[in-house]
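User: I'm new to reading protein models and would love a close look at how the side chains pack and pair up here. Could you walk me through the rings, the core and the charged pairs in one connected answer?

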Amino acid sequence: MKTILSIEKPLILYNQDYAFPAAMMSSDKSFQNWLYSNAIQLYYINDRKNFNLSYFYLGIDPNPLAVIPLLRCQSIDLKVVKGSGITAISFVRDMINNGYYITCLLNEYYVKCRQAYNTRKFEHGNMIYGFDDEKHQIFLAGFNEYLQFSNTSISYENFEKAFLEIGRESDYGCCFKRNKTIYKFDRKLVRELLFDFISSKNTSERYRMVQNPLENCYWGIEACQHILDNGNIRIDYRYFYTVYEYMCLMQKRIPHLFDNEKTKVYFIEKTERIKLDFYSLLLAVIKFNMNGKSREKIDKIRKRLSEMLILQKEILTELYNCI
């Protein structure tokens with residue numbers, strides 16, 4: 001038997017918690033409406049070892065899966081599954097055959113096309129979207145050895161090892177599929193969240209009925225100014241990809257915001273300029289990591305980033321005033 005659920009190129013790639021559902025339904029009109037209405041405010045979490053920068057969506061952990069209104073989502077304690085006698089393959093087969101995608105930690109020592117493959121034990125999130133009994137393969141989506149979102153396959157034997165050899169105390173998986181919800185583009189919400197981004201406001205204060213406001217975070221434009229705060233000579237280029245991808249999403253959002261063609265063209269051209277500037281800075285950071293590294297070069301990158309964020313704020317303020 002063979003079952004492979006459909007996947008596509010995600011509209012958003014920076015972070016697996018957004019890339020996984022996007023790989024499932026980026027062409028879905030309601031998902032596009034949800035993404036363009038909600039993926040606007042960024043926040044930078046202090047005192048965190050990894051993934052300090054993310055889109056804010058109702059939580060300190062940037063994992064929106066359980067609260068995306070378009071998904072039927074079930075969180076599963078995989079330690080219970082692993083201790084019940086159910087094999088990893090039978091678990092995957094049952095969920096896939098019922099139309100559920102699965103996200104979980106895998107030990108990427110056993111997963112080809114990963115940086116840790118055959119070199120070190122490393123636990124990281126992957127999305128399972130299919131299986132083939134004849135070829136004894138499980139199909140995965142995730143971030144490859146070049147940190148690019150891509151697809152790969154893994155043998156049943158290696159999948160069993162990758163699935164079982166997880167040492168973290170918290171070992172949860174998430175099974176999800178599309179529900180019947182229709183989500184309409186929310187122009188008012190875009191305007192509110194864009195104001196928060198431009199003003200560096202704590203967006204979590206809007207959601208007191210859900211949780212207490214978050215502390216020890218930077219927000220919006222200010223969050224982007226802190227992506228070099230780790231003090232390392234090597235720069236995490238993924239944060240610079242995020243600020244570039246942010247403007248890509250903003251540009252795709254514009255046709256949903258305005259009916260007037262002239263206004264659309266005007267803001268698409270304005271955002272194109274800053275988008276290309278961020279892309280150029282991203283390439284400079286990648287080159288910096290590959291070649292000579294110095295505090296002086298980091299200071300130049302920081303200065304350039306600051307100048308670009310000032311320009312970004314001007315452009316987005318003008319956009320906000322026209323919505």
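Analyst: Let's begin with a rule: a charge sits over a ring if NZ of Lys or CZ of Arg is within 6 Å of the ring centre and within 35 degrees of the ring normal. Please keep in mind that this is a predicted model.

With that rule in hand, look at Lys 82, which lies over the face of Phe 163 at 4.7 Å from the ring centre. Arg 191 does likewise with Tyr 320, where the distance to the ring centre is 4.1 Å.

Now for rings that meet other rings. The structure holds 22 aromatic pairs. In one of them, Tyr 129 and Phe 139 have ring centres 6.2 Å apart and planes at 45°, so the pair is tilted. This pair links distant parts of the chain, with Tyr 129 in strand 6 and Phe 139 in strand 7 (residues 137-143), 10 residues apart. Are these two rings buried or exposed? Tyr 129 counts as buried because its relative accessibility is 7%, and that is under 20%. Phe 139 is buried as well, with a relative accessible area of 14%. Another aromatic pair, Phe 258 and Phe 267, is stacked, with 5.5 Å from centre to centre and 10° between the planes. Both Phe 258 and Phe 267 are buried. Rings can also gather in a group: Tyr 18, Tyr 55, Phe 197 and Tyr 246 form one aromatic cluster.

Tyr 246 leads us to the core. The largest nonpolar core has 104 residues, and Tyr 246 is among those with the most contacts inside it, along with Phe 91, Ile 138, Phe 159, Leu 194 and Phe 240. Which helix gives the most to this core? That is helix 8 (residues 237-257), with 11 residues. Setting aside neighbours within four places in sequence, Tyr 246 is in contact with Ile 40, Leu 42, Tyr 55, Leu 194, Phe 197, Gln 312 and Leu 316. Apart from the largest core lies another, of 6 residues, including Tyr 43, Leu 214, Cys 217 and Trp 219.

Next, take Tyr 218, a residue of strand 10 (residues 217-219). Tyr 218 is partly exposed, as its relative accessible area is 24%. Beyond neighbours within four places in sequence, Tyr 218 is in contact with Leu 42, Tyr 43, Tyr 44, Asn 46, Ala 223, His 226 and Asp 229. Ala 19 is 199 residues away from Tyr 218 along the chain, and their C-alpha atoms are separated by 23 Å.

Let's turn to charged side chains. There are 15 salt bridges in the whole structure. Arg 168 forms one with Glu 123, where the closest N and O atoms are 3.2 Å apart. Their positions are 45 residues apart in the chain: Arg 168 is in the loop between helix 5 (156-164) and strand 9 (172-178), while Glu 123 is in strand 6. Arg 168 is partly exposed, with a relative accessible area of 41%, whereas Glu 123 is buried at 17%.

Lys 270 and Glu 318 also meet in a salt bridge, 3.5 Å from N to O. Lys 270 lies in helix 9 (residues 261-290) and Glu 318 in helix 10 (residues 295-322), so this pair ties together parts that are 48 residues apart in sequence. Lys 270 is partly exposed at 29% relative accessibility, and Glu 318 is partly exposed at 27%.

A salt bridge within one helix joins Lys 303 and Glu 307, with the closest N and O atoms 2.6 Å apart. Because they are 4 residues apart in helix 10, about one helical turn separates them. Lys 303 is exposed, with a relative accessible area of 54%, while Glu 307 is partly exposed at 43%. Charged residues can form a network too: Glu 192, Asp 196 and Arg 206 are linked by salt bridges.

Finally, which buried residue has no salt bridge? Asp 132 fits that description, and the nearest side chain of opposite charge, Lys 2, is 4.0 Å away. Asp 132 is found in strand 6 (residues 123-132). Leaving out neighbours within four places in sequence, Asp 132 is in contact with Met 1, Lys 2, Gln 137, Phe 139 and Tyr 156.

Methods: Residues are numbered from 1 along each chain as its sequence is written. This is a predicted model: local features need pLDDT of at least 70, side-chain atom pairs count only at pLDDT 80 or more; totals for chains, interfaces and linings use all residues. Side-chain values use heavy atoms; hydrogens and water are left out. Helices (H or I, at least four residues) and strands (E, at least two) are DSSP runs, numbered from the N terminus. Buried means under 20% relative accessible area, exposed over 50%, partly exposed in between (1.4 Å probe, protein chains only). Contact means heavy atoms within 4.5 Å. Lys and Arg count as positive and Asp and Glu as negative; His and the chain ends are not counted. Rings of Phe, Tyr and Trp (its six-membered ring) pair if their centres lie within 6.5 Å; planes under 30 degrees apart count as stacked, over 60 as edge-to-face and the rest as tilted. A nonpolar core is a set of buried Ala, Val, Leu, Ile, Met, Phe, Trp, Tyr and Cys residues joined through side-chain atoms within 4.5 Å.
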